[in-house]
Amino acid sequence: MRKLVLSMAVLALAGCGSSTPSQTDEGAAGASSTAAVTASAVTGTISVRGTTQPSPNAQLVINLVDVSPSAAGSAPVATKTVASGATFPYSFQLDFKPAEIKSADMYVVQVTLTDGARHYAMPIQAPVITQGNKDQASIELVAEQTPAEKDLADFNALIARIGGMKVSSGTKLEDNASRGWQVFRQDGEVKVIRELVDRGDKGFTSTDYAYKNGSPWVAVQQEKANKDAAPSSTERASWTENGMLVLHEQQNGDKAGDLSSDAANSLRQQSLSIFSLAGGNKKK
């Protein structure tokens, strides 16, 4: 009987002892999730995907940011700006004070690269330092369309759809030219006007004008020796609805360059004139 009682006492003590490590482990896990940050810098590399590489004048901005909801609107923990001359891949280091890092918060490296009208963006976030993340980051930037490139891409997509629109046409004989046009409307609104001007031995002009809410949007004009010849030159321009020039390019053979503001303004005036001549947004 005494042996039985003694054995039960030993088992009871063993059971009590087995619960203690579990509680200690839980406490250790909780402590590790809020452990003080010992790193004092974030390092890494920044590369640019694809063939569209930034010019030497591009500006690079690198920020270490607390993106936790409680830190919304707060200033970056660390920042670095390279006004020009960054070459890629670019190695960076952001120094910070460890005491300023909250171990329960989420921190990311945010990079912006601006090269004139072109912006480069991060397709994915780069978390660092806390919540099991390292103090290093490998960041890849992707070139976004410029406003001019977007206008031209959207214009080409519109031209591809004009076959399904309601079309009307008109002609006008002039002293030195024969002018004809087709108007493509959707729900009574002019989307595209295609104008052909035949000047005989002085050449042939083909122009597509696109509109938004009755305002000139994009114009692409080709000059040819005759109707069936390849274009000798092409001018492209686009505008905002308040008339601000966005796209301005010209191509002569294999050479491409900027379209002058005077030439772009001439295209816009032509766009307004043919819109009026074709009857505007009247339902036909």
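Me: Where is D105 found?

Reply: D105 is found in the loop between β4 and β5. Strands here are DSSP runs of E with at least two residues, helices are H or I runs of at least four, and both are numbered from the N terminus. Keep in mind that this is a predicted model: local features need pLDDT of at least 70, side-chain atom pairs count only at pLDDT 80 or more, and totals for chains, interfaces and linings use all residues. Residues are numbered from 1 along each chain as its sequence is written, and side-chain values use heavy atoms, with hydrogens and water left out.

Me: Which side chain of opposite charge is nearest to D105?

Reply: A salt bridge needs a side-chain nitrogen of Lys or Arg within 4 Å of a carboxyl oxygen of Asp or Glu. For D105 the nearest candidate is K102, 4.6 Å away, and D105 has no salt bridge although it is buried (under 20% relative accessible area, 1.4 Å probe, protein chains only). Leaving out residues up to four places away in sequence, D105 touches D66, S68, S70, T130 and Q131; contact means heavy atoms within 4.5 Å.

Me: And K224, what is its situation?

Reply: K224 is in strand β13. K224 is buried with no salt bridge, and the nearest side chain of opposite charge, D228, is 7.1 Å away. Among the residues that K224 touches, not counting those up to four places away in sequence, are F204, A229 and P231.

Me: How many strands form the open sheet, and in what order?

Reply: Two strands pair if DSSP finds at least two bridges between them. Here 8 strands line up as β9-β10-β11-β12-β13-β14-β15-β16, with antiparallel pairing. At the edges are β9 (166-173) and β16 (255-258), each paired on one side only. Inside the sheet, β12 (204-212) and β13 (215-224) are joined by 9 bridges, and Y211 stands opposite P216 in β13.

Me: What lies across β13?

Reply: Helix α2 (147-159) does, at about 80° to β13, and it also lies across β11, β12, β14 and β15. Axes are lines fitted to C-alpha atoms, for helices over the stretch in contact, with angles from 0 to 180 degrees between N-to-C directions.

Me: How many residues are in the largest nonpolar core?

Reply: A nonpolar core is a set of buried Ala, Val, Leu, Ile, Met, Phe, Trp, Tyr and Cys residues joined through side-chain atoms within 4.5 Å. The largest one has 29 residues, and I46, L60, L64 and V109 have the most contacts inside it. The largest share, 4 residues, comes from β5.

Terms used. Buried < 20%, exposed > 50% of the residue type's maximum accessible area, 1.4 Å probe, protein only. Lys, Arg positive; Asp, Glu negative; His and termini not counted.
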